[in-house]
Amino acid sequence: MPDLAQLRVDALACTRCPLAGGRTTVVFGEGDPHAALMVVGEGPGREEDLAGRPFVGRSGHLLDRLLLEEIGLRREQVYIANVVKCRPPGNRDPQPDEIAACRPYLEAQIDEIRPAVLMTLGNFSSKLLIATAEGITRLRGRTYPYRDTDAVIVPTYHPAAALRGGGTVLAGMRADFVRAKGILAAPAPPVGSR
Ligand code: URA
């Protein structure tokens with residue numbers, strides 16, 4: 001299995017889908033490669049595309065705040081990635097073929113990092129990693145296994161939804177971050193069990 005550094009090299013040269021043609025940079029992901037918490041968003045926006053880093057715009061500032069206020073973690077202490085690594089034009093939704101083309105990068109990132117908790121932000125990452133057609137409003141509020149691993153998925157709203165939707169969405173997100181904190185605080189599964 002390629003390590004994270006090799007995966008990044010591969011992703012930076014990727015032309016597997018049409019998003020490659022419109023990007024400024026590939027936003028591979030960043031953070032602690034040994035993080036217990038991995039956060040998965042949707043895809044880079046304009047600021048992320050320019051910076052080559054995930055969640056550096058308004059949504060990112062809210063994500064940083066929630067991580068710190070509800071879990072007590074700075075963003076460098078978690079790993080942050082997206083479903084698609086290149087910006088969809090005009091911030092449109094990523095298309096099924098784009099998600100399928102990029103999926104091996106995300107799955108390999110998860111396999112390398114082996115987080116205890118995967119927080120999925122919004123519909124795209126939640127549906128992909130839980131492997132369901134159900135929407136985020138119904139999915140959030142409980143946890144799900146990630147494939148056949150010990151990693152636990154905690155789905156929550158995308159921070160952009162909280163920025164648009166106000167108090168109720170934000171309160172739901174805070175509750176989900178607290179749920180993730182509780183799982184992170186629980187004893188790790190015995191060595192050799194994963
Ligand atoms: N929204 C996302 O889903 N990902 C980012 O990196 C930035 C905004």
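In which sense do S2 and S4 pair, and over how many bridges? The sense is parallel, and there are four bridges. Keep that pair in mind while we walk through the rest. One caution before we start: this is a predicted model.

Let's take the sheet as a whole. It is open, and six strands form it. Reading across, the order is S1-S3-S2-S4-S6-S5, with mixed pairing. Who stands at the edges? S1 and S5, the latter covering 144–145, do. Each has a single partner strand, so one side of each has no neighbour in the sheet.

Now go across, strand by strand. Start with S1, residues 30–31. S1 pairs with S3 in the antiparallel sense, over two bridges. Look for Glu-30 here: Ile-80 of S3 stands opposite Glu-30.

Next is S3, residues 79–82. Are its faces covered or open? Both faces are covered. Tyr-79 and Ala-81 lie on one side, Ile-80 and Asn-82 on the other, and all of these are buried.

S3 also meets S2, which spans residues 37–41. These two run parallel, joined by four bridges. Two partnerships are easy to find. Met-38 has Tyr-79 of S3 as its bridge partner. Val-39 is partnered with Ile-80 of S3. So much for that side of S2.

On to S4. Val-39 comes up again here, standing opposite Met-119 in S4. S4 covers residues 117–121. How many of its five residues are buried? Five of the five are, so S4 is largely enclosed by the rest of the structure. Val-117, Met-119 and Leu-121 point one way. Leu-118 and Thr-120 point the other way.

Beyond S4 comes S6, residues 152–156. S4 and S6 run parallel, with five bridges joining them. One partnership to look for: Thr-120 has Pro-155 of S6 as its bridge partner.

That is the sheet. Now the helices. Take H3, residues 58–71, and H8, residues 167–185. Their axes are 9 Å apart, and the helices pack at an angle of about 55°. That angle makes H3 oblique to H8. The crossing of H3 past H8 is right-handed.

Next, the ligand. Which residues are around it? Gly-41, Glu-42, Gly-43, Pro-44, Gly-45 and Glu-48 are among them. So are Pro-54, Phe-55, Ser-59, Gly-60 and Asn-82. By class, this shell has six polar, three nonpolar and two charged residues. Some of these residues belong to elements we have just visited. Gly-41 falls in the range of S2, residues 37–41. Asn-82 is one of the buried residues of S3. Ser-59 and Gly-60 fall in the range of H3, residues 58–71.

Two single residues to finish. First, Asp-111, which sits in helix H4, residues 96–113. Is Asp-111 buried or partly exposed? It is partly exposed, because 14 other C-beta atoms lie within 10 Å, and buried would take 20 or more. Leu-4 is 107 residues away along the chain, yet the C-alpha atoms of Asp-111 and Leu-4 are separated by 9.7 Å.

Second, Gly-141. Look in the loop between helix H6, 136–139, and S5. Gly-141 has 13 C-beta neighbours inside 10 Å, so it counts as partly exposed. Val-154 is 13 residues from Gly-141 along the chain, and their C-alpha atoms are separated by 8.0 Å.

That's the tour. Thanks.

Methods
Residues numbered from 1 in each chain as written. Predicted model: local features only at pLDDT ≥ 70, side-chain atom pairs only at ≥ 80, totals over all residues. Near = placed C-beta within 6 Å. Nonpolar A, V, L, I, M, F, W, Y, C, P; charged D, E, K, R; others polar. Buried ≥ 20, exposed ≤ 12 C-beta atoms within 10 Å, placed from the backbone. Pairing = 2+ DSSP bridges. Axes fitted to C-alpha atoms, helices over the stretch in contact; angles between N-to-C directions. Parallel < 35°, antiparallel > 145°, perpendicular 65-115°, else oblique. Left-handed = near helix turned anticlockwise from the far one by under 90°.
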